[in-house]
Amino acid sequence: MASRLEQHLSCPICCELFRDPVVLTCSHSFCKVCLENWWEDKLLKTCPVCKRRSSRDNPPKNLVLKNLVETFTEEKGQTAPAAEQTSPSSQEPECRLHSEKLRLFCLDHQELICLVCRDSRTHKDHRFSPIEEAASDLREQLRRNIKPLQDKLKVLDESRAQFDEAAAHISLQTKQTQTQIRAEFEKLHQFLRDEEESRMKALREEEEQKIQNMKDKMAALSRDMEALSKTISETEEQLRAADASFLLQYKTAEERLQRCPLVEEPQMEDEDLIDQVKHLGNLGFNIWMNMKKLVQFFPVVLDPNSAGSDLILSEDLTSGRARERQKVPENPGRLSDGYFRGSESFVSGTHSWEVEVRGQVWSVGVSGHVQRGADTEVRGSWFIQFTEGKYFAVSTKSLAPDLALSVKNLQRVQVKLDFDTNTLTFTDPDTNTDLHTVTDSFTEIFPFLYTYDAPLKISPKSITVTV
C-alpha cells in the first residue's frame, strides 16, 4: 500500500517524491524544478505527459499535493522503526536461498545478494557494492542513458512546434491565394462583361441604323406609290368621261403621264442586313486578342517559399521588396535575407527576361550548376551587381576579382540564357549594349534577384500569335 501511494506521490519526470509541486491546466503535477528544466529552450510549453499546451508560463503551486507529500514523509519516518521491531522482513527484502537480508549488489550478475551468497561459489571472485552505492551509480547511469532520449524528445517537440507553425502558415497562404485568385478572375469577369456589353451595344446601334435605313426606303417608296396612285386615279377618271370631254382633256392627261416617269424598282442590298460575320466571326479569338491588353505574360515568376524572411512579393509574384522580418516556416529552399529565386529552373533551350532595377544595392543573375567531367557538377552564381554606386559582373565559381563595368544609370538588365551555345549574356536593353557574357557548360539554372532597399520587378514580355 505504501509503495503504491509513494508512486502516486512521485514526480513523473524525476520519479521521486514531489518537491515544491506545481499543477498544469491539464491537471498533471510536476516538481517545479523538473518542469522548468523540461521546458528549457522549448518554443511551446507543453505537458510532459499528455503534450497539451500550457496556458501559463508560471503554473500555480499544488499546495494539497505538497501537504500530502510532507504528511507521507513524516508518517513514513515515524512508522519505519516500529515496523522493523515487529516484522523486519516486511520492510527489507530477504534472500530466497538463505533467508538473510539482502545487503549487497553483485556487479557481475547485476543482482541483490546476502552476505552468505557473497561467500558462496556462485559469486566467487565477483565484485560487490553496497546497495546504496549501487543504486546511486545505476540511477546516474540510467539518467545518462535516458538523456539522449530526452534530447531527442526535445528535438521532436521543437519539430512539432515548427509543423504547427507551418500548418498555420499554410492556412494563411491558402486564404491569401484564394483572395488573389478571386480578384484576378473578377478582373477577367469584368473584362468579359464589358466586352459583351460593348459588342451588344454595337449590334443594337447597327440594328437601329439598318432599321432606320429600311424606314427611309419605305417612306420614299410610299411617296412614289402615292404619286403613281394619284396619276393613275386621275387618268382612269378621264377615261370614264364622255368622248367630247375626254378629247378635250386628252392632251392634258398625256402630259401628266409623261411628267410621271416610272421609278426604278427598289432592290435589297447586302449591306441592308445585319453584318453577322462582323459580330460573330472568330468571336472568341477576337475577345482573346483584346484580352491581351489586360493579361500580361512574365517569363520568370518568383517563388515566395524561397524568398528571404525579410522580403515580400507582389500579388502577381513578379516583384519583391524589403520589409520587416516576418515569421515564416523554415524549409530547405528558403534563401538568405534579401534573395528571391525563380519558381522554376531551366535545363535546355533559350530563355530571356528583363528586370527593372533601382535602389542602392541589388543583384540580378542566375545560380545553378555547370558540368565538370562526366560525373561532376560544380555550383555557382553569375550576376550583375550594383553597390557603392558602381556596377560589377560577379562569378562566385571563379576566383578572379569582380569585373568592374563601364556603364551608368542602368534602368533595366536583360538576362539571356542559351543552352545550345552554353552562353549567359547580360545586356542593357535600353541602349542594346552587352554588359557581360559567360560561357560554360550549364546544366540546371535558376534565375535569382537580390535587393537591399528598393523593389526589383520582372518586366512583362509581349505575346505574338501566329496563324
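These are my notes on one helix and two loop residues in a predicted model.

**Ground rules.** Residues are numbered from 1 along each chain as its sequence is written, and side-chain values use heavy atoms, with hydrogens and water left out. As the model is predicted, local features need pLDDT of at least 70 and side-chain atom pairs count only at pLDDT 80 or more, while totals for chains, interfaces and linings use all residues.

**Helix α6.** I took helices (H or I, at least four residues) and strands (E, at least two) as DSSP runs, numbered from the N terminus. Helix α6 covers residues 131-239, and at 1.5 Å a residue its 109 residues should span 162 Å (1.5 Å times one less than the number of residues). Its end C-alpha atoms are 156 Å apart, which agrees. I found a bend of about 30° at I146 in α6, with P148 following within four residues; the bend is the angle between axes fitted to the seven residues ending there and the seven starting there.

**T46.** I looked up T46 in the loop between α2 (32-39) and α3 (63-86). T46 counts as buried because its relative accessibility is 5% (buried is under 20%, exposed over 50%, partly exposed in between; 1.4 Å probe, protein chains only). Neighbours within four places in sequence aside, T46 is in contact (heavy atoms within 4.5 Å) with residues including D157 and R160. D157 is among the buried residues of α6.

**K397.** I found K397 in the loop between β12 (390-395) and β13 (403-404). K397 counts as partly exposed, at 27% relative accessibility. Its contacts beyond four places in sequence include W382 and D440.
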